[in-house]
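Here are a few short exercises to work through with the model open beside you. Try each task first, then follow the solution step by step.

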Amino acid sequence: VKSFFYDNPPENTYVSWKKKSGGELQHTIARGDTLSSIAKRYKISIDDLRVSNRLSSTTIQVGQVLTIPSS
């Protein structure tokens, strides 16, 4: 459900405003998250996610905050 609303935010919400303004979203890593699942959720490539966050590997930690580049 959560990923549906990120992909299709209702009008006049924070997420829709961020998507329209070209602003960057942030994602806080939760238990079970992987770079591939995050990339899929936000419809971006793993490489774009790594470059935007200056990650040298695919290792992430719970609580870490990633910047999601606008597509």
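Helices (H or I, at least four residues) and strands (E, at least two) are DSSP runs, numbered from the N terminus. This is a predicted model, in which local features need pLDDT of at least 70, side-chain atom pairs count only at pLDDT 80 or more, and totals for chains, interfaces and linings use all residues. Residues are numbered from 1 along each chain as its sequence is written, and side-chain values use heavy atoms, with hydrogens and water left out.

**Exercise 1. Work out the fold pattern of the chain and how compact the chain is.**

Step 1: Count the elements; there are four helices and two strands.
Step 2: Put them in sequence order, which gives α-α-β-α-α-β.
Step 3: Compare the radius of gyration (taken over C-alpha atoms) with the globule rule, 2.2 Å times the number of residues to the power 0.38. The chain has 12 Å, close to the 11 Å that the rule gives for 71 residues, so it is as compact as a globular protein of that length.
Step 4: For the outline, the C-alpha trace spans about 35 × 20 × 20 Å along its principal axes.

**Exercise 2. Find the buried residues of helix H3 and what covers them.**

Step 1: Set the cut-offs: buried means under 20% relative accessible area, exposed over 50%, and partly exposed in between (1.4 Å probe, protein chains only).
Step 2: Go through residues 35-42, which form H3; the buried ones are Leu35, Ile38, Ala39 and Tyr42.
Step 3: Look down the axis of H3, taking directions from the axis to the C-beta atoms. The buried residues fall within an arc of 100°, so they line one face of the helix.
Step 4: Look for the cover, using contact in the sense of heavy atoms within 4.5 Å. The cover includes helices H1 (2-7) and H4 (46-52), along with strands S1 (25-28) and S2 (65-68).
Step 5: Move on to Lys43, just after H3, and you will meet a positive phi of about 55°.

**Exercise 3. Describe the surroundings of Gly63.**

Step 1: Place Gly63 in the loop between H4 and S2.
Step 2: Check its exposure; with a relative accessible area of 46%, Gly63 is partly exposed.
Step 3: List its contacts, leaving out residues up to four places away in sequence; Gly63 touches Thr28 and Ile29.
Step 4: Take the C-alpha to C-alpha distance to Ser16; Gly63 lies 24 Å from Ser16 in space and 47 residues from it in sequence.
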